[in-house]
Amino acid sequence: MTPKRKQRLYIVLGLVVLAGVAVGLTLYALRANLNLFYSPQQIVDGDAPIGRQIRAGGLVRVGSVQRSGDSLDVTFDVTDYRVSVPIHYNGILPDLFREGQGVVITGTLNDQGRFEASEVLAKHDEKYMPPEVAEVMKKANAKDVPAGYDPARDAFDSAESSTNAPADAPRS
Amino acid sequence: MWQIVHKLGSPKWFYRVSGPWLPWLWSLSVVLLVIGTVWGLAFAPADYQQGDSFRIIYVHVPAAILAQSCFALLAICAVIFLVWRIKLADMAATVAAPFGAAMTFVALFTGSVWGIPTWGTWWVWDARLTSMLILLFLYLGIIALRGAFTSRDSGSRAASILALVGVINLPIIKYSVNWWNTLHQPATFSLTRQPAMPAEMWLPLLVMVLGFYMFFAATVTFRTRNEILRRESRTRWVRELAEKTH
Amino acid sequence: MSFESVSALLHMHGYAPYVWPAWGVALGALALLALHARYEKRQLLRDIERRIRRERVNHDTQA
């Protein structure tokens, strides 16, 4: 390589490294703000602001969904299987909303620790399967897996925990 | 050794050598896309949670992969052009940018349409969606910057530099779903582990991804040849060619 | 085939308003990119050939 080209190559590489450092520092400074939602643990710990619009994310606790008979009012708990946050919502739920499903909820937290939701979004994982296979797996799980296990829990955990564990942690 | 590189970078040589490849690239891409479309739309099973809306994956994922691969190509071309001053690299970058912008738009559009029934919203400002939107703006910026200069060489240099700086966005897009809490799920395909779905679902997706790649190769090669004709329109070999075909 | 009939395929179990527009835009974009490339080439060759003819006429009249 001629010295001139070598010099240009260094300038180009330097430019990319410089831009990378600048963007990296910006993202580091913004790190918490780039999260779309607060986890139930953060809300229970008091990390989430009260009375301001925020988002919460977690799994719908199995057995916690209570619908009112005459209106769209629904209450349920959002959990990470350690702690839960009670949610109240009045509106139409997405197709994928069900017990054990991952959800992201927009709303405000009141001082009693209750979350008044204005929007409920369903989160899904990158695992897809045909309905018949899901049926078979559900039956198999009912036999060998302790009560209360839900495959969706595993799914959300793998998505959630990837911030502190390797992305391709072993899956069951 | 560097003489070979410069011969490879000769537009006339590229025009002659790439010609016979084009019919193969076009037919291969059409065959793969037709197989993938019929397989994905009619034969692949529906998802147990999302039902038939899952079939959007067969266009969404290939478009998103191509949007990012195309930007990687832009950055590689930018280095080759800036360091070695090989004009062919700049011609390829000129025609690849609109293709990448189209793929990014398709990925965003199909993702939004898919989000309505599954998530319950067509847009959310999470890290993955936002970084893809930034990718679209980068493409548009590169296209606009190239056209904003009166001298072609200045435009090429400015567009190359923006492509190089913008390449930082690629790892951000890729790892956004791991680094931050997002509504978007983690990657469907990965080189290190098996896809989390049965073969009857991911095989048609693989066919579609390959079909999109072949289409990308065919279109970019074809339009690079157009760009050669445009820039070399005063040379004798191009004039002879134009007279022969008309 | 995971559908019983063509009308079931078109209906997509109620997801037709999402599946068809997404596929339409994706395949439509590919078709437009390919057609544009072909049109561009034809236009370029025609322009070059036209310029050659014009130059030849100018050359002849000067001579």
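**View 1. Where chain B meets chain C.** Put together, chain B and chain C bury about 3600 Å² between them, and 73% of that is on carbon and sulfur atoms; buried area here is the accessible area (1.4 Å probe) that two parts lose on being put together, summed over both. This is a predicted model, in which local features need pLDDT of at least 70 and side-chain atom pairs count only at pLDDT 80 or more, while totals for chains, interfaces and linings use all residues; side-chain values use heavy atoms, with hydrogens and water left out, residues are numbered from 1 along each chain as its sequence is written, and chains are lettered from A and ligands numbered from 1 in the order in which they are written. On the chain B side 47 residues are in contact with 35 residues of chain C, contact being heavy atoms within 4.5 Å.

**View 2. Charged and polar pairs between chains B and C.** The rule finds four salt bridges across this interface, a salt bridge being a side-chain nitrogen of Lys or Arg within 4 Å of a carboxyl oxygen of Asp or Glu. For one to look at, take C:Arg56 and B:Glu243, whose side chains meet at 2.8 Å, N to O, in a salt bridge. Helix 3 (21–43), helix 4, helix 5 (87–118), helix 9 (199–231) and helix 10 (236–245) of chain B are the elements that give two or more residues to the side touching chain C. Helices (H or I, at least four residues) and strands (E, at least two) are DSSP runs, numbered from the N terminus.

**View 3. The largest nonpolar core.** This core has 99 residues, and B:Ile57, B:Tyr58, B:Phe71, B:Leu74 and B:Met103 touch the most other members. A nonpolar core is a set of buried Ala, Val, Leu, Ile, Met, Phe, Trp, Tyr and Cys residues joined through side-chain atoms within 4.5 Å; buried means under 20% relative accessible area, exposed over 50%, and partly exposed in between (1.4 Å probe, protein chains only). Helix 4 (residues 57–84) of chain B supplies the largest share, 18 residues. Leaving out residues up to four places away in sequence, B:Tyr58 touches B:Gly40, B:Ala44, B:Met201, B:Pro204, B:Leu205, B:Met208 and C:Trp23. Apart from the largest core lies another, of 20 residues, with A:Ile43, A:Ile87, A:Val103 and A:Ile105 among them.

**View 4. Strand 3 of chain A and its partners.** Strand 3 (residues 73–79) is mostly covered, with five of its seven residues buried. Strand 1 (residues 53–60) of chain A pairs with strand 3 in the antiparallel sense over two bridges; to pair, two strands need at least two bridges found by DSSP. Here A:Leu59 stands opposite A:Thr79. Strand 2 of chain A forms a hairpin with strand 3, with five residues between them, and A:Gln66 stands opposite A:Thr75. Strand 4 (residues 84–90) of chain A runs antiparallel to strand 3 and is joined to it by seven bridges; A:Asp73 has A:Asn90 as its bridge partner. In the hairpin of strands 3 and 4 of chain A, which has four residues between the strands, A:Tyr81 takes a positive phi near 70°.

**View 5. A:Gly51 in its loop.** You'll find A:Gly51 in the loop between helix 2 (40–44) and strand 1 of chain A. A:Gly51 is exposed, at a relative accessible area of 56%. Not counting residues up to four places away in sequence, A:Gly51 touches A:Thr108 and A:Leu109.
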